[in-house]
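User: I'd like to practise reading a model feature by feature. Could you walk me through one, giving the general idea and then the case at hand?

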Amino acid sequence: MYAFNYHKPKTLAEAQALIGKLPEGKLLAGGHTLIPTLKQRLAQPSDLIDIGGIAELKGLTVTASAVTIGAGTRHDEVARSAEVKKAIPALALLASGIGDRQVRARGTIGGSLANSDPAADYPGAVLGLGATVHTTKRTIKADDFFKGMFETALDEGEIITKVEFPVPKRAGYMKFANPASRYVMVGSFVAETAGGIRVAINGAGPCAFRWAEAEKALAAKFAAASVEGLKHKADGLNSDIHASAEYRAHLITVMTKRAVAQAGG
Amino acid sequence: MNAPTGIGASVRRKEDYRFITGQGTYTDDINRPGQAYAYFLRSPHAHAKIKSIDISAAKSSPGVLGIFTGADLAADKVGGLICGWTVTGKDGTPHKAPPHPVIALDTVRCVGDQVALVVAETREQARDAAEKINVDYQALPAVVDPAATLKSGAPQLHAEAPGNLCYDWDFGDKAATEAAFSKAAHTVKLDLVNNRLSPNAMEPRVAIGEYDRATDTLTCYSTSQNPHVLRLIMCAFIFGMPEHKMRVVAPDVGGGFGSKIFCYAEEVACVWATRKVGRPVKWTSDRTEAFLTDAHGRDHVTHAELALDKDGKFLALKCSTIANMGAYLSTFASSVPSYLYALLLAGQYTTPAIYAEVKAVFTNTTPVDAYRGAGRPEATYVVERLVELAARQLKMDPVEIRKKNFIPPNAFPYQTPVAVAYDSGQYALSMDEALKLVDYKGFAARRAASEAKGKLRGIGFAAYIEACGIAPSSVVGSLGAGVGLWESASIRFNPTGSVSVFTGSHSHGQGHETTFAQVVSDKMGVPIDQVEIVHGDTQRVPMGMGTYGSRSLAVGGSAIVRACDKLIAKGKKIAAHLLEAAVEDIEYDKGTFKVAGTDKSVNMQQVCFTAYVPHKYPADLEPGFEENGFYDPSNFTYPAGTHIAEVEVDPGTGHVTVAKWVAVDDFGKVVNPMIVEGQVHGGVAQGVGQALLEQVIYDKQSGQLLTGSMMDYCLPRAEDLPSYTVATTETPCPHNPLGVKGCGEAGAIAAPAALMNAITDALGVEIDMPATPEKVWRAAQTRVTRQAAE
């Protein structure tokens, strides 16, 4: 790790002011990507602005129509929330399967989304449920948020404040984890929402994406069998020592089928 | 009544309290006054010429005490690292052991090769300075694959090893084997890759070098499995200095699995650098360095064939193996794919003719050496995959074909066609016990139940043989070993009856402080809490050979028994004098010396006290109660047993669940059943890791290590493993005083074959390790296609 200056603002306004005047600074949320990167000397920020102490970013609100999660909320809090489990069980399930106990105790939803790791869990839920990402500047629709590998619609210095998930009629999430890292190799988040069927695939491509063909088939009939014969193209999918693009393409069908079954279809 | 503590009792491990409460003293817990820190600049290239190294900017970096390159060590005439076992090839020439400099001179041959050593006030400062060293590399083409490195046109690693060949060696009777194949009713052929593994001890390697000007003595604190051997290598081969001027301390060591047997560059460099900077110098490996520099294991490519008669009786076995040595020969690397491999190819069977040839090769990868099992897992894997495949092809039951070929219990000692003579064994006994425990008869129903859920179920066997406690020294010497493989013990009674046992064995997780104390307590009649086991310090312990190859109890324990016997003999003389009887009339039993046929007796404590306060004492007897024992076994020991694995495969994803595991091992006499069970658990976990999850992968073009962290190198987790059913049968070793055979490696030897046999049984397709989800899914697809075609 190289030396850096450490700041711990108490308010969002302070954090914004700091990030505005420190072009080589980095925001620190749960630190689950940034700290290992620093330890390996793969990044050299001049300053770390720890947003973990900002009360405005914490907390969960659940209404009949939406689950709203503050950007600084830990995965573990989402996983354990009785209200989330009741409103969107698939979201609580997803949070309960992120990393391990230690990761869930520190990692935050805002940090996960801002990083847009292709193998992260939360992007699946955000895209699958058609969530709205609130930032210090604006609101961003899920469909406009993920731009590529480690790329989002966020501007420099723009901070995620909360994420609003509409409560679906039903939803399911299944993932096949990388055996070594336990990150997502292929995940599928399937939801029947007010706006129709949504199927979001994470882990398989450069960032989370929707699978239109499956959405169409499930709209006709919300049943695992509807997905059975569908095959996603391998082109453009990730390929590494753990899984080829072809295998990932196959897993997209399997995970989607199982997610539908989990959602009761 | 107190719980039993003698031989055969499951005594709780004495060492665990300090380990689990964080009170252990590992090498990294040792900090010497004035200590400085070492950081190694390592090669980013798999193969490159070093055109120049510019340290000028780095030298003035804050905190720097010294920056050293290969040239500095050469100027001080520091020798290179050695290989301590010379294997002689088919053509009668010794293997090629090219120079292995502690720090690279003009060429780097693998990613992670040492290029420069920086010593600074802090670790971070040393690393900062290393980043300012400017090395001008001329990158060269690299080769990482053991088969590819033999091809013409492959990049050449060493001028001393043309064609990248270390040795071309064979063993067994080629003519007899070929003759048997020519008349065989059936021949079974199999190509196998034994995947390269990273040992991943929980504690990374650490070294501290310290020089004491007053006594002109160097001390090396190191995470070593064999401190005396490390001292011997450093003094005799690397520094050329007398051994009494070097002390090696290996305190609590957190796992070794073979990787801490070897003499590594970093410990040599720290010992050398301490005099250069006039300060103790400490190096602590991080996990990435561990992946890059700890000697790897396995990495074989093998073609194997088994000849059978029409009834399934084995006639001959032959195999041809290419073994990857990595970029340099590590300390005992050459012996692993030769003598520790081919000599075990008879397995548990009466196969009359066996022939093996092995080409050991250099590649631009981390050196490969002994890893838990070392050669024996590779042999078991070849034999047991072949046997299982033979059963499938001959449509025989895998149990039946094995039983038909087992060496029967009345055939021992049994001379195999590959030099070794098995001392004892009851192979069908272990097999039958395992069949009962796994409920073999119920398998068909379990398979049907799995299929009803859309899963594939398979069962696999491994009837393994192991050779532990490599010996005797005269034989290993004739095979090319540069060391003797005996063990030492010194037992010192203190005047009031407590005991200090100094052993040449080294514990790095095995529980010697408990097991050895049980032996001494049992033999000498001393309460177990009055027995202290001392190991891991050349200044305290007599010259010993350390721990590897499951040798500690069979060899080190036997040395302890030797010393106990000498003390008992001396004790009889003292007792006879005290009891005014003839020595011949003294009977000894568990701490009591008694005049035969009387109730007159003295106990061990009285005898011991008399030896130190010899007021009433035999005139011709030396005072004191302390004896040394050295033990050189007359043969290896041959643990054996049967492991049975049952798996359930999800054909949709290729995920394998290990559903059942039964291990029935014959380790001879067992001193502490709980510790033995723990050793089996750990060994099986590593074997399951090899079969399902672990593999070191290098990029074929660049030679970069792609599995350099836990993000990509997949160690087994608890959820990957089943609940084991572990049992033992007991066929005592006839040639050591405890009747013990060794248990540390058995699990890692048996497990890969058992598990792969189960997976291939489920799939109906032969695949290589590791059975990753994608590989299994593809095989499951092949199965579906084939079934459709049928």
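User: Let's begin with the domains. How many Å separate the centres of domain 1 of chain B and domain 2 of chain B?

Analyst: Bear in mind that this is a predicted model. Taken over C-alpha atoms, those two centres sit 36 Å apart. The assignment splits chain B into domain 1 (31-140 + 202-255 + 260-293), domain 2 (300-470 + 635-789) and domain 3 (486-631).

User: And how many residues of domain 1 of chain B are in contact with domain 2 of chain B?

Analyst: On the domain 1 side there are 22 residues, and they contact 24 residues of domain 2 of chain B. That domain 1 side breaks down into 13 nonpolar, 7 polar and 2 charged residues.

User: How would I read the interface between the chains?

Analyst: The size of an interface is often given as the accessible area lost when the parts come together. Here we can go by residue contacts: 10 residues of chain A touch 13 residues of chain B. Helix α12 (residues 245-262) of chain A supplies the largest share of chain A's side, with 3 residues. By type, chain A's side has 8 nonpolar residues, 2 polar and no charged ones.

User: What about the nonpolar core? Which residues touch the most other members?

Analyst: In soluble globular proteins, nonpolar side chains tend to be buried together. In this model the largest nonpolar core holds 325 residues, and Ala38(B), Val118(B), Leu345(B) and Val520(B) touch the most other members. Its largest share, 13 residues, comes from helix α19 (residues 746-763) of chain B. Take Val118(B): leaving aside neighbours within four places in sequence, its contacts include Tyr39(B), Leu41(B), Ile67(B) and Ala126(B).

User: Now a single helix. Is α15(B) largely enclosed or not, and why?

Analyst: Count the buried residues: 13 of the 13 in α15(B) are buried, so the helix is largely enclosed by the rest of the structure. For its length, α15 (residues 512-524) of chain B reaches 17 Å from first C-alpha to last, close to the 18 Å expected at 1.5 Å a residue. Right after α15(B) comes Gly525(B), with a positive phi near 65°.

User: Last one: what radius of gyration does chain A have, and what would a compact globule have?

Analyst: A compact globule of 265 residues would come out near 18 Å, and chain A has 18 Å, so the two agree. Its C-alpha trace spans about 55 × 45 × 30 Å along the principal axes. Chain A contains 12 helices and 14 strands, and 46% of its 265 residues count as buried. Of the contacts in chain A with a separation of 6 or more, 61% link residues 24 or more positions apart.

Note on methods: Residues are numbered from 1 along each chain as its sequence is written. Chains are lettered from A and ligands numbered from 1 in the order in which they are written. This is a predicted model: local features need pLDDT of at least 70, side-chain atom pairs count only at pLDDT 80 or more; totals for chains, interfaces and linings use all residues. Two residues are in contact if their C-beta atoms, placed from the backbone, lie within 7 Å. Helices (H or I, at least four residues) and strands (E, at least two) are DSSP runs, numbered from the N terminus. Ala, Val, Leu, Ile, Met, Phe, Trp, Tyr, Cys and Pro count as nonpolar, Asp, Glu, Lys and Arg as charged, and the others, Gly among them, as polar. Domain bounds come from an automatic or database domain assignment. A nonpolar core is a set of buried Ala, Val, Leu, Ile, Met, Phe, Trp, Tyr and Cys residues joined through C-beta atoms within 7 Å. A residue is buried if 20 or more other C-beta atoms lie within 10 Å of its own, exposed if 12 or fewer, and partly exposed in between; C-beta atoms are placed from the backbone. The radius of gyration is taken over C-alpha atoms; the globule rule is 2.2 Å times the number of residues to the power 0.38. The expected span of a helix is 1.5 Å times one less than its number of residues.
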